[in-house]
2 protein chains.
Amino acid sequence: MKNKKDQDTEQKILQAANRVFLKKGYEGARMQEIANEAGINKALLHYYFRSKEKLFDRIFREAFSNFWPSIEKVTKGGNAEIKELIEAAVNGYMDILEDKPFLPAFIVGEINRSPERIKDLLLSTGLQPEKVLKIVQDAIDAGEIVEMDPRELIVNIVSLSIFPFIGRPLLSSMFWESTEEFDLFLKDRRKTVYEFICRSIMKRT
Amino acid sequence: MKNKKDQDTEQKILQAANRVFLKKGYEGARMQEIANEAGINKALLHYYFRSKEKLFDRIFREAFSNFWPSIEKVTKGGNAEIKELIEAAVNGYMDILEDKPFLPAFIVGEINRSPERIKDLLLSTGLQPEKVLKIVQDAIDAGEIVEMDPRELIVNIVSLSIFPFIGRPLLSSMFWESTEEFDLFLKDRRKTVYEFICRSIMKRT
DNA sequence: TCTAATTTTGACCATATGGTTAAAATAAAT
DNA sequence: ATTTATTTTAACCATATGGTCAAAATTAGA
């Protein structure tokens, strides 16, 4: 039976673990640092979460499920508009990543470390990539956009949305005066990316 | 004075370190594993490279300098064509990344781990981002392409070229039958990315 | 208030890991 | 051939790290 203090401590641990794991990854993270960050004894971590792997697994699954923008509004109604899909995807990613900029680097880094877990993870998210593909394919069949592999468009949308956050330190150093200015650029970007994509896929008159 | 065996061993170590560090990152890599991979005693690593940090630094600098496509052909002559720039950049990245797919994940991961090193690294590469920006700006001023922040176009080119390699395990699991098929997709991609970008920036008639 | 259950801690353990050292093996110099 | 310099190894060392445990502190239940 859980009481109030129980919940508090568990939450403090999870928040601390989240900060540390996301910034340093599984290999770089230290249980001691997580304990310090949470303001508790290291043994408590094991009391609540058995092992580093178990704790990490909890954090990672949570992070992974937060990684996907919700586009049900677009996919639900049968009459899916391709432009709405793009707008929802780009805005969805921007919303998530402005709030948690470390998320994508963390996810791809950890997936790279143990790729065998992907299948399981994807299943538990209940994502339906086929639905997204179908929307794109329908738009192509209807002649609304140029002909292309639907997967290519998806990859491009995702690339344009996510990569600037992964490459933030590098890009901001090369082309901006400061990371703050780069962040301003990122804020504007949801508009410009959307336009960039639409210009490319709309047929010429 | 170095003799032949010396060179051999050093090279074997560097190759082994390269494999291990690129796949596992600094924190995940083990000196023992590098030694095994190189077929030598662990103490030899320290004989040749003092410490893990020193060895890593050597590998990382090498990796970082390999990360940039050579676009001098385009930038050298004053008459820089924007389309040539895009083609050179996309093809340059594809050439590099088809050969070393782990490179971008490694670089961005390690830069994330210690961002303070970037300035120094960038200086030692002798890259000139301004030149690239100027080519884009000139094309805009000449009315060849649509108006936009030149940095935005650069970021888009880089994102579209690099991200699919970073997100390979995830993307291939979601939208392809196997990683092999995804790799075929990546091979074709240098054409389609180029076209995708050009369609977006060329002015409508 | 008194007891039982739960939570928290400090001290400890086993192992992994980066690093060192002295001696053995090999190559170079004479 | 003998000596000297260099390369390689096995055996260690110190420390960091994930994890455990018994006791103390706290909370819940009677």
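This is a short walk through a predicted model with chains A and B.

Hi everyone, thanks for coming. Please keep in mind throughout that we are looking at a prediction.

Let me start with the overall layout of chain A. It has 12 helices and zero strands, so if you follow the elements from the N terminus you read α-α-α-α-α-α-α-α-α-α-α-α. Along the principal axes, the C-alpha atoms of chain A occupy a box of roughly 65 × 45 × 30 Å. The chain has 205 residues, and 50% of them are buried. As for contacts between residues at least 6 apart in sequence, 67% in chain A link residues at least 24 apart.

Now the surface and the charges. Chain A exposes about 10500 Å², with carbon and sulfur atoms supplying 49% of that area. There are 32 positive and 32 negative charges in chain A, and the mean positions of the two sets lie 6 Å apart.

On to the pair. How can chain B be laid on chain A? A turn of 180° with a shift of 0.0 Å along the axis does it, at an RMSD of 0.0 Å. That is the relation of a two-fold axis. In chain B, the C-alpha nearest the axis belongs to B:S200, 2.0 Å from it. The interface follows suit: 100% of the interface residues of chain B are also interface residues in chain A, so the copies meet through the same surface.

Next, the inside. As background, nonpolar side chains tend to be buried together in soluble globular proteins. Here the largest nonpolar core has 153 residues, and those that touch the most other members are A:F21, A:L153, A:I197, B:F21, B:L153 and B:I197. Let me pick B:L153 from that list. Leaving out residues up to four places away in sequence, B:L153 touches B:I82, B:V136, B:I145, B:M148, B:I197 and B:I201, plus A:F196 from chain A.

If you have the viewer open, colour helix 7 of chain A, residues 103-113. Eight of its 11 residues are buried, so helix 7 is largely enclosed by the rest of the structure. The buried ones are A:L103, A:P104, A:F106, A:I107, A:V108, A:E110, A:I111 and A:N112. Notice that A:E110 and A:N112 are on that list, alongside residues such as A:F106 and A:I107.

Another residue to click on is A:I34, in helix 2 of chain A, residues 31-38. Is A:I34 buried or exposed? Its relative accessibility is 0%, so A:I34 counts as buried. Beyond residues up to four places away in sequence, A:I34 touches A:I13, A:A16, A:A17, A:V20, A:F21, A:L45 and A:L55. One of these, A:L45, is 11 residues away in sequence and 8.4 Å away in space, C-alpha to C-alpha. Another, A:F21, is one we just met in the core.

Last stop, a backbone detail. A:R50 is not a glycine, yet its phi is positive, near 55°. You will find A:R50 in the loop between helix 3 (42-49) and helix 4 (52-65) of chain A, and with a relative accessible area of 66%, A:R50 is exposed. What does phi look like at B:R50? It is positive there too, about 55°. B:R50 sits in the loop between helix 3 (42-49) and helix 4 (52-66) of chain B, and it counts as exposed at 67% relative accessibility.

That's my tour. Happy to take questions!

Notes:
Residues are numbered from 1 along each chain as its sequence is written. Chains are lettered from A and ligands numbered from 1 in the order in which they are written. This is a predicted model: local features need pLDDT of at least 70, side-chain atom pairs count only at pLDDT 80 or more; totals for chains, interfaces and linings use all residues. Side-chain values use heavy atoms; hydrogens and water are left out. Helices (H or I, at least four residues) and strands (E, at least two) are DSSP runs, numbered from the N terminus. Buried means under 20% relative accessible area, exposed over 50%, partly exposed in between (1.4 Å probe, protein chains only). Contact means heavy atoms within 4.5 Å. Accessible areas come from the Shrake-Rupley method with a 1.4 Å probe; for residues, only the protein chains shown count as cover. Lys and Arg count as positive and Asp and Glu as negative; His and the chain ends are not counted. The place of a charge is taken as NZ of Lys, CZ of Arg, CG of Asp or CD of Glu. Copies are superposed by least squares on the C-alpha atoms of residues with pLDDT of at least 70 in both. A nonpolar core is a set of buried Ala, Val, Leu, Ile, Met, Phe, Trp, Tyr and Cys residues joined through side-chain atoms within 4.5 Å.
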